[in-house]
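Let's take a walk through this model, going from one charged pair to the next and finishing at a loop. Keep the structure open beside you as you read.

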Amino acid sequence: MRPESDRSLLVDLARPLVEQFSPAETELFPLLSEAHFADPRAYGRSGSRRSDPLGFGLPEVLVLLTPVALAAMTEVVRYVVERGMRRGQQVTAVALRRVFRDEPPAVDAPPIELTSAEWAEVRRIVERVAVRGGVEPARAALIADAVVGQGRLADEPR
């Protein structure tokens with residue numbers, strides 16, 4: 001299974017964002033996640049926020065973060081997997097959890113290291129996906145910062 005299609009991985013990576021930036025949505029997270037996975041291509045379609053069950057009311061007033069976080073992490077995982085494959089690394093869900101959730105190293109998961117430029121690209125991906133999903137640019141930047149983590153844009157890879 002490709003990591004970007006691993007639902008449990010994407011849920012594990014998106015849930016902390018929802019808990020941090022939209023705590024009132026936490027109880028709905030499982031339901032909203034299932035709705036997202038039922039039609040992930042619906043995310044970002046022109047006009048989809050107005051008629052989509054994942055966004056309701058006026059898009060300027062209420063944007064649910066669950067589909068935003070899931071879509072962003074899907075694109076981020078796809079990017080990290082591609083970068084790892086270019087280096088000849090095997091990128092597993094365990095290794096990805098370690099990168100984004102600071103989990104202790106697993107014996108069977110070689111570390112994934114991203115350069116500062118790659119972390120900057122991860123940040124751009126998250127910010128772009130969030131804005132496309134209707135998140136205000138300033139809030140999208142905060143969400144992107146949370147994904148990257150403080151200090152990961154320094155010169156040393158992680």
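Start with Arg 124, which makes a salt bridge to Glu 121, with 3.0 Å between the closest N and O atoms. Before going further, bear in mind that this is a predicted model. Why can these two side chains reach each other? Arg 124 and Glu 121 sit 3 residues apart in helix 6, so about one helical turn separates them. As a general point, side chains with opposite charges can pair when their charged atoms come close. How open are the two partners? Arg 124 has a relative accessible area of 47%, so it is partly exposed. Glu 121 is partly exposed too, with a value of 23%; the cut-off for buried is under 20%, so Glu 121 falls outside that class.

Now hop over to helix 4, where you can find a similar arrangement. Glu 82 and Arg 86 join their side chains in a salt bridge, at 2.9 Å from N to O. Here the spacing is 4 residues within helix 4, so again the two are about one helical turn apart. Glu 82 comes out as partly exposed, at 35% relative accessibility. Arg 86, on the other hand, counts as exposed because its relative accessibility is 61%, and exposed means over 50%.

Next comes a pair that bridges two helices. Glu 75 forms a salt bridge with Arg 132, and their closest N and O atoms are 3.2 Å apart. This one ties together distant parts of the chain: Glu 75 belongs to helix 4 (residues 65-86) and Arg 132 to helix 6 (residues 116-132), with the two positions 57 residues apart. Arg 132 has 35% relative accessibility, so it is classed as partly exposed. The pair doesn't stand alone, either: Glu 75, Arg 128 and Arg 132 are linked in a network of salt bridges. If you search the whole structure, you'll find 10 salt bridges.

Finally, leave the charged pairs and look at Ser 22. Where does Ser 22 sit? You'll find it in the loop between helix 1 (7-21) and helix 2 (29-38). Is Ser 22 buried or exposed? Its relative accessible area is 15%, so Ser 22 is buried. And what does Ser 22 touch? Setting aside neighbours within four places in sequence, Ser 22 is in contact with Leu 17, Leu 65 and Arg 139.

Key:
Residues numbered from 1 in each chain as written. Predicted model: local features only at pLDDT ≥ 70, side-chain atom pairs only at ≥ 80, totals over all residues. Heavy atoms only, no water. Buried < 20%, exposed > 50% of the residue type's maximum accessible area, 1.4 Å probe, protein only. Contact = heavy atoms within 4.5 Å. Salt bridge = Lys/Arg side-chain N within 4 Å of Asp/Glu carboxyl O.
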